[in-house]
Amino acid sequence: KDAFWFYRSQWSNEKFVKIASERFVNRVEKKITLKVYSNCRTVTLSVNGKTAKTPTGGSGVFVFSDLRLTRGQNVITAETEDGCTDTVVLHRRKNEDLSYRYAPIAE
């Protein structure tokens, strides 16, 4: 599904922003890297209300490295200068349990 958002960031004129890997909700790492797809010039990412560092990349793919997750629920929001937003909630767990790794598919 991330491939769709990459191509949309390259070819669509309709402004949007999308945080990649949104179904990978359960994490065990303290620091993660996230990709954000957008056809806007700039993207700002916040983790639990704190603005993340400036992303690397551009041209549709913005990479945010060394994002610190706290234990439990983490609300991550991407926002563009054009007012587009996308939010995901990730959970940092104590032990890795692959049965909880991905969110169920909505039908």
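The questions and answers below set values from a predicted model against the definitions behind the terms.

In this predicted model, local features need pLDDT of at least 70 and side-chain atom pairs count only at pLDDT 80 or more, while totals for chains, interfaces and linings use all residues. Residues are numbered from 1 along each chain as its sequence is written, and side-chain values use heavy atoms, with hydrogens and water left out.

Q: What makes up the pattern of the chain, read along the sequence?
A: The chain has 1 helix and 9 strands, in the order α-β-β-β-β-β-β-β-β-β. Helices (H or I, at least four residues) and strands (E, at least two) are DSSP runs, numbered from the N terminus. Helix H1 covers residues 2-11, and strand S2 covers residues 26-27. Strand S2 therefore meets the minimum of at least two residues for a strand.

Q: Why is Ser46 called buried?
A: Ser46 has a relative accessible area of 18%. Buried means under 20% relative accessible area, exposed over 50%, and partly exposed in between (1.4 Å probe, protein chains only). The value for Ser46 is under 20%, so Ser46 is buried. Ser46 is in strand S4 (residues 43-47). In the chain of 107 residues, buried residues make up 38%.

Q: What is Ser46 in contact with, leaving aside neighbours within four places in sequence?
A: Contact means heavy atoms within 4.5 Å. With those neighbours left aside, Ser46 is in contact with Thr51, Ala52, Val75, Ile76 and Thr77.

Q: Why does Lys35 count as partly exposed?
A: The relative accessible area of Lys35 is 41%. That value falls between the limits for buried and exposed, so Lys35 is partly exposed. Lys35 is placed in strand S3 (residues 31-38). Not counting residues up to four places away in sequence, Lys35 touches Lys18, Ile19, Ala20, Val61, Phe62 and Val63. The C-alpha atoms of Lys35 and Gly60 are separated by 10.0 Å, with their positions 25 residues apart along the chain.

Q: What makes the pair Lys18 and Glu22 a salt bridge?
A: A salt bridge is a side-chain nitrogen of Lys or Arg within 4 Å of a carboxyl oxygen of Asp or Glu. The closest N and O atoms of Lys18 and Glu22 are 2.8 Å apart, so the pair meets the definition. Lys18 is buried at 13%, whereas Glu22 is partly exposed at 36%. Side chains of opposite charge can pair when their charged atoms come close.

Q: How many salt bridges does the structure hold?
A: The structure holds 3 salt bridges. One of them joins the side chains of Arg8 and Glu14 at 3.6 Å, N to O. Glu14 has 54% relative accessibility and counts as exposed.

Q: Why does the pair Arg41 and Glu81 tie together parts apart in sequence?
A: Arg41 forms a salt bridge with Glu81, the closest N and O atoms being 4.0 Å apart. Arg41 lies in the loop between S3 and S4 and Glu81 in the loop between strand S8 (72-80) and S9, so the salt bridge links parts 40 residues apart in sequence. Arg41 is exposed at 71%, and Glu81 is partly exposed at 38%.

Q: Which side chain of opposite charge is nearest to Arg27?
A: Lys and Arg count as positive and Asp and Glu as negative; His and the chain ends are not counted. The nearest side chain of opposite charge is that of Glu29, 5.0 Å away. Arg27 is buried yet has no salt bridge. A polar atom of the Arg27 side chain lies 2.8 Å from the backbone oxygen of Phe24.

Q: What does Arg27 touch, not counting residues up to four places away in sequence?
A: Arg27 touches Ser21, Ile32, Leu34, Leu69, Leu90, His91, Arg92 and Arg93.

Q: Where does Thr85 lie?
A: Thr85 lies in strand S9 (residues 85-92). Leaving aside neighbours within four places in sequence, Thr85 is in contact with Val17, Ala78 and Glu79. Thr85 and Ile19 are 66 residues apart in sequence and 9.4 Å apart in space, C-alpha to C-alpha.

Note on methods
Polar contact = N/O pair within 3.5 Å; in protein donor to acceptor, adjacent residues only side chain to side chain.
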